[in-house]
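Work through the exercises below with the sequence and the structure open. Each task is followed by a solution in steps.

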Amino acid sequence: MEASMDVPLYDLAPVARMMLLGVVLALGPLTWVWLRNRQAPVARRLQVLTLVTLFLTFDLVLFGAFTRLTDSGLGCPDWPGCYGSASPVGAKAEIAAAQSAMPTGPVTLSKAWIEMVHRYLATGVGVLILVLTAVSWVERRRLSVSPWWPTVTLLWVSLQGAFGALTVTMKLFPAIVTLHLLGGLGLLALLRWQASRYAQAARPAAPVPARLWWAALAVWGLLWLQIALGGWVSTNYAVLACTEFPTCQGQWWPTMDWHEGFALWRELGQGRSGASIPFAALTAIHYAHRLAAYAVLAALLALVWALWRQPPLRGVARWLAALAAWQLLTGLSNVLLDWPLLSAVGHTGGAAALVLVLTGLLGDARPAATARRTFSASPSRARR
């Protein structure tokens with residue numbers, strides 16, 4: 001442990017090699033998109049590249065959850081490399097010394113590789129978003145989609161990278177780790193919205209009843225609140241504060257310390273005063289997520305029912321119903337089966353998928369009233 005603590009938190013020596021590796025990783029998807037769509041218009045190529053980047057970002061979010069849940073977040077205690085090297089291969093001696101001092105971590109060879117693979121994937125996604133932004137600006141006169149969409153996404157992923165660095169250098173500070181998780185899912189939402197913009201360049205948005213669109217937006221907002229609470233549970237390791245359902249610790253309302261549980265700016269495992277966080281605070285963190293889950297599940301099911309009554313939206317309704325069931329199943333598995341890794345990663349994946357489906361619903365459709373205004377304005381524009 002001492003060996004890991006003596007390492008400078010930031011060592012920019014491997015930056016060039018990390019960037020080169022990101023370019024190499026991005027070349028595969030870029031080549032595939034180009035070869036499969038070389039005869040297609042620029043807008044179509046950018047749409048496909050956005051979808052490929054979206055898919056890889058979803059994988060990155062899942063691997064980020066795997067990194068967190070295997071306690072590999074400090075597998076390399078500096079940033080952006082590993083003990084000043086671009087890979088654990090160049091840091092074998094330092095990793096071995098840290099592992100000898102503390103065999104169970106936080107630094108082991110396997111955890112170092114998990115952490116660095118996560119960073120490699122993030123670098124590759126960053127390169128793809130950079131290409132999307134550059135091409136969008138170069139070809140902006142031939143596109144109906146504003147290049148500011150990918151530009152905002154590029155700024156967002158840069159901010160996300162900064163939070164990734166802080167996650168390591170601030171030693172898994174719960175507020176930073178939770179914001180990093182939210183940032184990853186926010187990146188998914190931005191890419192999904194951007195994909196909708198490219199799709200609407202070829203076909204208009206489908207009108208839906210205004211009340212239904214706004215209801216979907218409200219559920220989307222509730223989902224983000226629940227994800228934030230879930231991230232707070234995970235980053236504080238509060239899942240096992242309640243190991244039974246529907247009660248907790250044999251009670252419907254167990255002893256809880258909300259004041260300590262939701263002290264946002266504190267070290268991992270510590271309360272406001274710097275002492276160990278009380279168990280009642282972990283219980284409050286867990287129970288807040290559980291209570292909010294009831295509300296979100298009810299809202300999702302109500303939205304599913306409303307969508308099902310609109311035949312063109314039944315596909316979305318099926319997805320939302322399936323994902324709501326998946327979240328319920330994996331959430332219960334985490335509680336009753338002592339937080340198994342597969343279930344925990346799956347729970348994060350379900351949350352990410354819900355973000356994608358709801359963002360897609362909002363982005364691919366428009367409130368019917370807006371659609372009517374656009375339609376009625378078109379003839380007048382034509383006459384002018």
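## Exercise 1: Two cis peptide bonds

P246 is found in the loop between helix 8 (210-235) and helix 9 (258-261). The model is a predicted one.

Task: find the residue that a cis peptide bond joins to P246, then place the cis bond between G105 and P106.

Solution.
- Step 1. The partner of P246 is F245; the peptide bond joining them is cis, with omega about 10 degrees.
- Step 2. G105 and P106 are also joined by a cis peptide bond, and here omega is about 15 degrees.
- Step 3. P106 sits in the loop between helix 4 (92-101) and helix 5.

## Exercise 2: Positive phi angles

Task: for D71, D338 and W339, give the value of phi and the location in the chain.

Solution.
- Step 1. D71 is not a glycine, yet its phi is positive, near 55 degrees.
- Step 2. The loop that holds D71 runs between helix 3 (42-69) and strand 2 (79-80).
- Step 3. The relative accessibility of D71 is 37%, so this residue counts as partly exposed.
- Step 4. D338 comes just after helix 11 and has a positive phi of about 65 degrees.
- Step 5. W339, also not a glycine, has a positive phi of about 60 degrees. W339 belongs to the loop between helix 11 and helix 12.

## Exercise 3: Helix 11 and its neighbours

Task: describe the length of helix 11, list its buried residues and say which helices these pack against.

Solution.
- Step 1. Helix 11 covers residues 314-336, which is 23 residues. From first C-alpha to last it reaches 33 Å, close to the 33 Å expected at 1.5 Å a residue.
- Step 2. Buried in helix 11 are A317, L320, L323, A324, Q327, T330, G331, S333, N334 and V335.
- Step 3. These buried residues pack against helix 10 (279-308) and helix 12 (341-364).
- Step 4. For helix 10 and helix 11, the axes come within 9 Å and cross at roughly 160 degrees. An angle over 145 degrees counts as roughly antiparallel, and helix 10 and helix 11 are therefore roughly antiparallel to each other.
- Step 5. The crossing of helix 10 past helix 11 is left-handed.
- Step 6. On the helix 10 side, the residues that meet helix 11 include H286, R290, L297 and W308. On the helix 11 side, they include R314, A317, L320, A324 and V335.

## Exercise 4: Helix 2 against helix 5

Task: state how helix 2 and helix 5 cross and name some of the residues that meet.

Solution.
- Step 1. Helix 2 (residues 15-36) packs on helix 5 at an angle of about 65 degrees, and their axes are 8 Å apart.
- Step 2. This crossing of helix 2 and helix 5 is right-handed.
- Step 3. Among the helix 2 residues that take part are M18, L21, G22, L25 and P29. Among those of helix 5 are M116, R119, Y120, G124 and V131.

## Exercise 5: Salt bridges

Task: say how many salt bridges the structure holds, then describe the pairs R119 and E115, R142 and E139, and D364 and R192.

Solution.
- Step 1. The structure holds 3 salt bridges. Side chains of opposite charge can pair when their charged atoms come close.
- Step 2. R119 and E115 meet through their side chains at 2.8 Å, N to O. Both lie in helix 5 (residues 109-138), 4 residues apart, about one turn of the helix. Both R119 and E115 are buried.
- Step 3. The side chains of R142 and E139 form a salt bridge at 2.9 Å, N to O. With 59% relative accessibility, R142 counts as exposed.
- Step 4. In the bridge between D364 and R192, the closest N and O atoms are 2.7 Å apart. D364 lies in helix 12 and R192 in helix 7 (residues 174-202), so the pair ties together parts that are 172 residues apart in sequence.
- Step 5. D364 is partly exposed, with a relative accessible area of 23%. R192 has a relative accessible area of 17% and is buried.

## Exercise 6: The surroundings of V177

Task: decide whether V177 is buried or exposed, and name its contacts beyond four places in sequence.

Solution.
- Step 1. V177 lies in helix 7.
- Step 2. Buried means under 20% relative accessible area. V177 has 11% relative accessibility, so V177 counts as buried.
- Step 3. Leaving aside neighbours within four places in sequence, V177 is in contact with R68, T167, L172 and T235.
- Step 4. V177 and L166 are 11 residues apart along the chain, and their C-alpha atoms are separated by 8.4 Å.

Key. Residues are numbered from 1 along each chain as its sequence is written. This is a predicted model: local features need pLDDT of at least 70, side-chain atom pairs count only at pLDDT 80 or more; totals for chains, interfaces and linings use all residues. Side-chain values use heavy atoms; hydrogens and water are left out. The expected span of a helix is 1.5 Å times one less than its number of residues. Buried means under 20% relative accessible area, exposed over 50%, partly exposed in between (1.4 Å probe, protein chains only). Contact means heavy atoms within 4.5 Å. A salt bridge is a side-chain nitrogen of Lys or Arg within 4 Å of a carboxyl oxygen of Asp or Glu. Axes are lines fitted to C-alpha atoms, for helices over the stretch in contact, and angles run from 0 to 180 degrees between N-to-C directions. Angles under 35 degrees count as roughly parallel, over 145 as roughly antiparallel, 65 to 115 as roughly perpendicular and the rest as oblique. A crossing is left-handed if the near helix is turned anticlockwise from the far one by less than a right angle, and right-handed if clockwise.
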